[in-house]
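Grab a pencil and keep the viewer open. These short exercises are about charged side chains that pair up.

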Amino acid sequence: MRLHNLKPRPGAKHRRKRLGQGEASGRGKTAGRGHKGQASRAGSSVRPTFEGGQMPLYRRLPKRGFNNKRFATRYAGVNVAALNQFEEGATVDEAALRQAGLAKGRFDGIKILGDGELTRKLTVSAHAFSAAARTKIEAKGGRCQLVGDAAAVAAS
């Protein structure tokens with residue numbers, strides 16, 4: 001077998017449907033555009049949300065108040081049970097969590113959550129801790145260290 005012998009599998013390639021090639025072709029006369037109307041004209045294009053001049057849905061719906069979603073702080077949640085993969089006495093921070101694959105993607109900080117049991121003594125640095133997570137980490141003799149803005153607020 002050589003490169004010049006390669007061919008697509010039978011049925012994998014289709015001929016392009018040629019429009020406007022006489023009525024017997026099945027796509028003649030109006031060439032699949034229907035009769036009259038804006039879409040039948042040459043050069044016609046309307047955006048997907050266009051409703052023919054009717055007041056569009058996004059303008060009919062009321063918009064009131066303030067939505068904080070754009071400005072909200074997004075945390076990557078990591079459960080206490082997932083921290084058991086680190087060695088006894090290790091320091092767990094954002095870099096270690098990313099390397100272990102526990103914190104992926106873009107976010108503003110890491111929050112340690114209290115689901116599961118912790119079996120090791122760890123020093124954990126994160127932007128936030130749930131009350132249950134803090135209790136479980138400190139019960140094993142570990143430490144919880146706040147990082148970033150949360151640490152500055154806690155210190156003052």
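Here are three exercises on salt bridges, each with a worked solution.

Before you start: this is a predicted model, where local features need pLDDT of at least 70, side-chain atom pairs count only at pLDDT 80 or more, and totals for chains, interfaces and linings use all residues. Residues are numbered from 1 along each chain as its sequence is written, and side-chain values use heavy atoms, with hydrogens and water left out.

**Exercise 1.** Find how many salt bridges a search of the whole structure gives.

*Solution.* Start with the rule: a side-chain nitrogen of Lys or Arg has to sit within 4 Å of a carboxyl oxygen of Asp or Glu. Run that over the whole structure and you get four. One of them joins Glu51 to Arg60, with 3.1 Å between the closest N and O atoms.

**Exercise 2.** Work out whether Glu51 and Arg60 are buried or exposed, or in between.

*Solution.* First, the cut-offs: buried is under 20% relative accessible area, exposed is over 50%, and partly exposed is in between (1.4 Å probe, protein chains only). Glu51 has 29%, so call it partly exposed. Arg60 comes out at 42%, so partly exposed again.

**Exercise 3.** Say where the partners Arg98 and Glu94 lie in the fold.

*Solution.* Check the contact: their closest N and O atoms are 3.4 Å apart, and they form a salt bridge. Next, place them: both lie in helix 2 (residues 94–99), four residues apart, about one turn of the helix. Helices here are DSSP runs (H or I, at least four residues), numbered from the N terminus. Finally, exposure: Arg98 is partly exposed at 37%, and Glu94 is partly exposed at 30%.

Key
Helix = DSSP H or I, 4+ residues; strand = E, 2+ residues; numbered from the N terminus.
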